Amino acid sequence: MSSYHLDHLQHLETEAIHIMREVAGEFERPALLFSGGKDSICLLRLAEKAFRPSDLPMPLLNVDTGHHFPELNEFRDRRAQQLGGKLIVRTVEDAIAKGIAQPAPGEISRNRLQIPTLLAAIEEFRFDCCIGGARRDEEKARAKERFFSFRDSFGQWDPKNQRPEIWNLYNGRLNPGENMRVFPISNWTEMDVWEYIQRENLEVPSIYFSHKRPCVRRGGQWLPVNALVPPKAHEEVRELVVRVRTIGDIISTGCVESPATTTGDIIAEIAAARVTERGSRADDKSSEAAMEDRKKAGYF
Amino acid sequence: MPLTALASATPVPVDILRFNTCGSVDDGKSTLIGRLLYDSKSLMEDQIEALERSADITGGGQINLANLTDGLRAEREQGITIDVAYRYFATPRRKFIIADTPGHVQYTRNMVTGASSANLSIILVDARTGVIEQSRRHTAIAALLRIPHLVVAINKMDLVGWSEARFLEIRAQFEEFLPRLDIKDVKFIPMSALNGDNVVDASVHTPWYVGPTLLGHLETVHIASDWNLNGFRLPVQWVNRPNNPTDASLHDFRGFSGQIAGGIVRTGQKIIAFPAGIVTTVKQIWTYDGPVEEAFCPQSVTLVLEHDIDISRGSMLVGLDHLPGSNTELQAEVCWMHARPLQPGKRYFLKHTTHTVQVSVTEIVNKLNLATLESDPAPAELGVNDIGEIRLRAAKPLVFDGYAINRLTGSFILIEQGTNATVAAGMLCPPREIVKPENGDYVI
Ligand SMILES: Nc1nc2c(ncn2[C@@H]2O[C@H](COP(=O)(O)OP(=O)(O)OP(=O)(O)O)[C@@H](O)[C@H]2O)c(=O)[nH]1
Ligand SMILES: [Mg+2]
């Protein structure tokens, strides 16, 4: 009987493919959120597995905060082109210019502003479903979310009133204006993602691997020095050998010192890690419920 | 553990155990999960720091282990769990997916959500109060979902002086009603989730208990696969037809994509396509990684068939042995999850595999009495959190198996029309008639 056995990555993979195909079967106008980060790279491979030899039955959508790492956008565009996928990019910059998103006085972070930008894109293209690469092990509000996460006509998540989700029977029914966010890799851990990248031999943006970079010490982490993060006079700046463990905006993503140059090195590093991946993201540290609050407002 | 090391050292695949906690509100479920993660050294430094930070504000210096899974603001404010939290951890022996579910009766629907994918349920009981209605409700739901293994954690033993007599008394309360629920494997463990007794480490306070700790049991309990390898079933999710393919060989490609919900399929094998009822042959099993000769439950594949038959989303491809049932008249056990009660005559959408049909409720056969765990016949309605047996008439026939035979082809949900709320989880009773050939085809 042992030949009829799936290992744990194969289990996670078939679960995710099933969810992708449910999306294609149940929604009129789905989109797949593709940032170029490691989780959405896995999503794209899963979409290929779900839908080939056909074209992907949904466009790729990215909200560009204007604070992305340049390596990330380069990779995003190239990967989308390789796949023959249609890539839609909507920028926070543009949303601000059009009055869709309104920065608060002195607000530098684009974290909050990407929410109205996303909601406007959903409205513009009348998307009824967005597939995202969020995982439950990332954060404790995420740990509460369903595979099919219902959003009301304002894009809001109501964590106290989620639809029951039983077995693998997903209820994708919506009324006009409502929206679904679907997370096929909900059950994957950071380790699973890297093991999958290794097994599938997937390319990832270069910043996940060790490289030399000037960094500035701020808020207990090493931030990459760049035009948006100029070091202040009293701050310590060093050229370090680093990589990023999770990619957020260039102003809030901490770099970790690491010699990892291969996927195998990264897997070994994660196995020995003593902090979680989100430990290096300032955007989630701001309060206990930062993620929950953003999701309630319409964040992925 | 790096995959490279795994792959070369051990050919045996890693085993995942999915389990959930259940039991009444405040019996200590979230505390237990916190303790399990903490004592098994599965927490990262930043998670421990966050726990300690929140302890300073709210806990008077004591860390609150339940905060690890009670991730919503409202949960931490009220000190209760509202919705399921999923956590992942691994020991050298096994990988685990935990669903920490709420005990409050108002959130039973979320308990059902967390329990529906479990191989094992931990039922907690407060040693001071013993078995109460909610303990029986959750045990009954676990039994109904056919979760094969149960652990009864008799918790807060520190508050009853580690009394063996009390432990045995509560165990007897369970053993009195368990036979009515058809549960086979049950383990009783005395513990203190708060202090960590018998969770990861054996307790010095329970010399009279000789069994394993909770983690010891979770690591070693034998779990059989959930998947049924008899009787091929493939509910079609999506028709795979490339538009303007550049590759000429794909011009006439027409594949049927889905996750195998039972059995094994091989190229050259004869199958029946329902609802058409027509027999055809599997020409190719297409996957992204290349065609395969054979595929099995729960793999996701795309089948290319010999004949052009009307097949679309909601169709079911079935092997010629272990045939399913087919009917518009259905009987099922349901767990009702909505404040608007289920009443005879009402109409709902029923989603079964990939197929959604309209149904109307023709009869409520009985309702489970949670005080006695006996069935009361012919109730007027099923209210929220009630469990009962009902009859339904579907607008189109369902091709199905009994839930006891196949979880995937024997389960359904009911959806309220208009609000689109998911209002019930249903488990189909064995079909009264199996599909039969007529002149070579299987007309339903
Ligand atoms: N003395 C003692 N207290 C405990 C023990 N386990 C849990 N508690 C306390 O019981 C209270 C409720 O614990 P929780 O873990 O939140 O209970 P729960 O079962 O998750 O509750 P819901 O999820 O809301 O149903 C908390 O104050 C815990 O500290 C135990 O073994 N001994
Ligand atoms: Mg709880």
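How many positive and negative side chains does chain A have, and how far apart do the centres of the two sets lie? The legends below take up that point along with others, and the model they describe is a predicted one.

**Figure 1. Charged side chains of chain A.** Here is the reply to the opening question: chain A carries 42 positive and 45 negative side chains. The centres of these two sets lie 1 Å apart.

**Figure 2. The fold of chain A, with its helices and strands.** You can trace nine helices and 10 strands in chain A. Its radius of gyration is 19 Å, close to the 19 Å that the globule rule gives for 300 residues, so chain A is as compact as a globular protein of that length. If you like to think in box dimensions, the C-alpha trace of chain A spans about 55 × 55 × 40 Å along its principal axes.

**Figure 3. Inside and outside of chain A.** Of the 300 residues in chain A, 63% count as buried. Looking at contacts in chain A with a separation of 6 or more, 72% are accounted for by residues 24 or more positions apart. On the outside, the accessible surface of chain A comes to about 11,200 Å², and carbon and sulfur atoms hold 51% of that.

**Figure 4. The fold of chain B, with its helices and strands.** Turning to the other chain, chain B has eight helices and 22 strands to follow. The radius of gyration of chain B is 24 Å, close to the 22 Å that the globule rule gives for 444 residues, so this chain is as compact as a globular protein of that length. Along its principal axes, the C-alpha trace of chain B spans about 75 × 60 × 40 Å.

**Figure 5. The domains of chain B.** Which stretches does the domain assignment give for chain B? They are domain 1 (3–220), domain 2 (233–319) and domain 3 (325–428). Taken over C-alpha atoms, the centres of domain 1 of chain B and domain 2 of chain B are separated by 42 Å.

**Figure 6. Inside and outside of chain B.** Buried residues make up 60% of the 444 residues in this chain. Among contacts in chain B with a separation of 6 or more, residues 24 or more positions apart account for 71%. The accessible surface of chain B comes to about 17,900 Å², with 50% of it belonging to carbon and sulfur atoms.

**Figure 7. Charges of chain B.** This last view takes in the 40 positive and 49 negative charges of chain B. The mean positions of these positive and negative charges are 3 Å apart.

Methods:
Residues numbered from 1 in each chain as written. Chains lettered and ligands numbered in written order. Predicted model: local features only at pLDDT ≥ 70, side-chain atom pairs only at ≥ 80, totals over all residues. Heavy atoms only, no water. Helix = DSSP H or I, 4+ residues; strand = E, 2+ residues; numbered from the N terminus. Rg over C-alpha atoms; globule rule 2.2 N^0.38 Å. Buried < 20%, exposed > 50% of the residue type's maximum accessible area, 1.4 Å probe, protein only. Contact = heavy atoms within 4.5 Å. Areas by Shrake-Rupley, 256 points an atom, 1.4 Å probe, with all protein chains shown as cover. Lys, Arg positive; Asp, Glu negative; His and termini not counted. Charge placed at Lys NZ, Arg CZ, Asp CG, Glu CD. Domains from an automatic or database assignment.
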